[in-house]
Amino acid sequence: MATLPSPPPALPSPVIDSHVHLDLIGEFGGVEVGQGLALADAVAVPQVIQVGIDLPSSRRAVDLAADYEAVLGAAVGVHPNEAPDRIKSGDFAADLLGLAELALAPNVVAIGETGLDHFRTEPAGRHDQEAAFREHIRLARATNRTLIIHDRDAHSQVLDVLATEDLPDRVVFHCFSGDVAMAREVAAAGWFLSFSGVITFKNAPELRAAAQAVPLTSILVETDAPFLTPAPNRGRPNASYLLPYTVAEVARCCETELEVMCRQLAANTRRAFGLAIS
């Protein structure tokens with residue numbers, strides 16, 4: 001098992017990890033699901049949203065939400081970097097049918113992650129990637145589920161697609177990576193910006209400015225674990241119990257008392273996924 005980073009101090013009020021891949025943490029970080037959830041609970045991260053990246057992992061997400069009370073809900077989708085190959089192989093139609101069936105489960109709160117990634121997907125695959133994105137949007141709308149967007153190096157293109165589709169009521173920009181202008185546009189549309197551990201990196205001043213530029217009611221936080229581990233553990237496998245580092249940085253950027261920020265984030269996350277405010 002990988003050596004786990006030491007846990008940060010517990011948050012003063014509970015916060016939800018809005019985007020995690022629990023099934024991958026074991027593969028990359030050696031942290032078993034139950035252990036990871038217990039570690040997170042100990043630092044006041046008692047609940048998570050488990051996110052699928054293909055049909056098998058989406059099924060696992062639904063199962064984890066059924067098996068663990070701490071998994072507040074599941075998201076089901078085909079990751080944008082997987083979508084072009086699935087379309088070319090003729091398998092995406094079956095994927096979509098499977099996702100539509102899963103989306104009806106009561107513990108499914110979102111469709112995704114989906115979107116556009118121009119960093120890893122070459123130009124030849126981008127048409128198919130966009131087609132898959134549009135199908136996910138339509139599924140989210142039809143099932144009244146939140147849309148979780150993966151946007152990497154494709155900011156304007158993602159916004160262009162959203163402008164031409166009938167959207168669901170709730171939209172989350174997972175691991176938001178845009179600038180201040182985009183942050184304001186996303187918030188003005190009533191969508192949510194989810195900040196990951198990247199906001200703690202020294203080379204992310206624009207991201208910190210983006211967090212400061214939007215209303216507190218627009219902000220979520222996430223780990224995207226096992227990826228994007230926040231400082232001071234950057235480069236090591238991530239897990240939900242490291243979320244307090246990100247929360248503290250967001251509070252600092254927004255010049256907001258940590259406990260106030262925690263309470264706001266918890267309420268925002270429940271609203272973002274159509275859940276009752278506890």
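Select aspartate 128 to begin: this residue is buried, with a relative accessible area of 15%, where buried means under 20% relative accessible area, exposed means over 50% and partly exposed lies in between, computed with a 1.4 Å probe on protein chains only. The model is a predicted one, in which local features need pLDDT of at least 70 and side-chain atom pairs count only at pLDDT 80 or more, while totals for chains, interfaces and linings use all residues. Residues are numbered from 1 along each chain as its sequence is written, and side-chain values use heavy atoms, with hydrogens and water left out.

Now add lysine 88 to the selection, which is exposed at a relative accessible area of 56%. Aspartate 128 and lysine 88 form a salt bridge whose closest N and O atoms are 3.0 Å apart, a salt bridge being a side-chain nitrogen of Lys or Arg within 4 Å of a carboxyl oxygen of Asp or Glu. Because aspartate 128 lies in helix α6 (residues 126–143) and lysine 88 in helix α4 (residues 83–88), the pair ties together parts that are 40 residues apart in sequence; helices here are DSSP runs of H or I with at least four residues, strands are runs of E with at least two, and both are numbered from the N terminus.

Next, select arginine 138 and glutamate 165, which form a salt bridge with the closest N and O atoms 2.8 Å apart. Arginine 138 lies in helix α6 and glutamate 165 in the loop between α7 (155–163) and β6 (171–174), so this pair ties together parts that are 27 residues apart in sequence. Arginine 138 is partly exposed, at 42% relative accessible area, whereas glutamate 165 counts as buried at 13%. Extend the selection to Glu130, Arg134 and Glu135, since salt bridges that share partners join these with Arg138 and Glu165 into one network.

A further stop is aspartate 95, whose side chain meets that of arginine 86 in a salt bridge (2.8 Å, N to O). Aspartate 95 is buried, at 4% relative accessible area, and arginine 86 is partly exposed, at 30%. The structure holds 12 salt bridges.

Turn then to the sheet, which is open and has 8 strands in the order β1-β2-β3-β4-β5-β6-β7-β8, with parallel pairing; two strands pair if DSSP finds at least two bridges between them. The edge strands, each pairing on one side only, are β1 (16–20) and β8 (219–221). Select β1 and look around this strand: 5 of its 5 residues are buried, so β1 is largely enclosed by the rest of the structure. Strands β1 and β2 run parallel and are joined by 3 bridges, and aspartate 17 stands opposite valine 48 in β2. Moving on, 4 bridges join β2 (residues 47–51) to β3 (residues 71–76), again running parallel, with glutamine 50 opposite alanine 74 in β3.

Finally, which helix holds serine 58? Select helix α3 (residues 55–67), where serine 58 has its place, and note that serine 58 is buried, with a relative accessible area of 0%. A polar atom of the serine 58 side chain lies 2.7 Å from the backbone oxygen of aspartate 54. Leaving aside neighbours within four places in sequence, serine 58 is in contact (heavy atoms within 4.5 Å) with residues including Gly52, Ala75 and Leu102.

Conventions: A polar contact is a pair of N or O atoms within 3.5 Å; within protein, one must be able to donate a hydrogen and the other to accept it, and residues adjacent in sequence count only if both atoms are side-chain atoms.
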